[in-house]
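Here is a short walk through the fold, starting at one edge of the sheet and working inward. Keep the viewer open while you read.

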Amino acid sequence: MKKRDSQLYEINAIGIIPCAAQVASPNQDDRPNQCDVDSAAIDMVVIHNISLPPKQYGGNGITELFTNQLNPDEHPYYADIYTAKVSSHFLIRRDGALIQFVPCAKRAWHAGISKWKNRERCNDFSIGIELEGCDFEEFEAVQYKVLNALLQSLKSTYPIQYVVGHSDIAPGRKTDPGPFFNWSKVAEKQIN
Ligand SMILES: [Zn+2]
């Protein structure tokens with residue numbers, strides 16, 4: 001997937017980016033009552049990191065986790081998480097490849113128990129973006145490049161007010177995107 005910097009990712013009516021690789025996750029459902037604007041408007045992006053096995057890149061573990069196909073015998077860490085029903089809307093791999101698991105119009109299961117400005121269940125009103133990485137090393141420049149283009153496209157489509165880290169909405173429980181995630185490289189950063 002190649003794109004010019006100035007070019008936005010096209011987002012269709014149900015929130016699919018056709019030029020992203022599409023891997024459908026069963027771990028999704030409807031967002032809450034769309035009439036209840038306060039709780040249902042998509043106004044937040046949550047940034048995460050993930051690597052499976054931990055600190056190893058390029059394998060199929062993330063895709064397998066998000067599609068409930070992780071093999072518990074493949075790695076000791078998998079035995080603890082293979083039954084988790086989780087997903088994210090997007091994954092940005094180390095090489096900048098963009099993968100979409102859930103249409104933005106649907107609720108992905110990435111935030112867990114979470115709270116932001118007195119609103120709980122952040123999955124209801126957020127879009128989840130995973131960067132392939134960990135809490136212990138720098139992310140790749142191309143990942144920031146794709147992230148910024150993706151954020152710009154999302155903000156042109158949805159009334160995004162907050163771009164936050166998982167650790168911002170689940171402090172004490174989650175640490176990602178971690179100390180090596182460089183917020184100053186996020187052009188669309190908006191934590192109010
Ligand atoms: Zn996370």
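## From the edge of the sheet to its core

Let's start with a single pair: Ala21 sits opposite Ile99 of strand S5. This is a predicted model, so treat everything below as computed from it. Strand S1 and S5, the latter covering residues 98-100, run parallel and are joined by 2 bridges.

Zoom out and that pairing becomes part of an open sheet of 6 strands, ordered S1-S5-S4-S9-S3-S10, with mixed pairing. Strand S1 (21-22) and strand S10 (162-165) take the edge positions with a single partner strand each, so one side of each has no neighbour in the sheet. For the wider setting, the protein chain has 5 helices and 10 strands.

Now to S3. Which strands does S3 pair with, and in what sense? With S9, the pairing is parallel and runs over 7 bridges; here Asn49 stands opposite Leu131 of S9. With S10, S3 also runs parallel, joined by 4 bridges, and Val46 stands opposite Val164 of S10.

How many of the residues of S3 are buried? The count is 7 of the 7, so S3 is largely enclosed by the rest of the structure. In a regular strand, side chains alternate between the two faces of the sheet. In S3, Met44, Val46, His48 and Ile50 point one way, while Val45, Ile47 and Asn49 point the other way. His48 and Asn49 are among these residues, and all of them are buried. Across the protein chain, buried residues make up 36% of the 192 residues.

Then there's the helix to look at. Helix H4 (residues 141-157) lies across strand S3 (44-50), strand S4 (90-92), S5, strand S9 (126-132) and S10. Relative to S9, H4 runs at about 170 degrees. On contacts more broadly, take those in the protein chain between residues at least 6 apart in sequence: 69% of them join residues at least 24 apart.

## Backbone oddities

A few backbone spots deserve a click. Here they are with their angles.

| Site | Feature | Angle |
|---|---|---|
| Leu52 to Pro53 | cis peptide bond | omega near -10 degrees |
| Asp176 to Pro177 | cis peptide bond | omega near 10 degrees |
| Asn118 | positive phi, not a glycine | about 70 degrees |
| Arg121 | positive phi, not a glycine | about 50 degrees |

Where does Pro53 sit? Look in the loop between S3 and helix H2 (61-66). Pro177, in turn, belongs to the segment after helix H5 (166-169).

The two positive-phi residues are both in loops. Asn118 is in the loop between strand S7 (115-116) and strand S8 (119-120), and Arg121 is in the loop between S8 and S9. Are they buried or exposed? Asn118 has 5 C-beta neighbours inside 10 Å and therefore counts as exposed, since the cut-off for that class is 12 or fewer. Arg121 has 16 such neighbours inside 10 Å, so it counts as partly exposed.

To come back to the sheet: S3 has S9 as a parallel partner and S10 as another, and the loop with the cis bond from Leu52 to Pro53 lies between S3 and H2.

Technical notes: Residues numbered from 1 in each chain as written. Predicted model: local features only at pLDDT ≥ 70, side-chain atom pairs only at ≥ 80, totals over all residues. Pairing = 2+ DSSP bridges. Contact = placed C-beta atoms within 7 Å. Axes fitted to C-alpha atoms, helices over the stretch in contact; angles between N-to-C directions. Buried ≥ 20, exposed ≤ 12 C-beta atoms within 10 Å, placed from the backbone.
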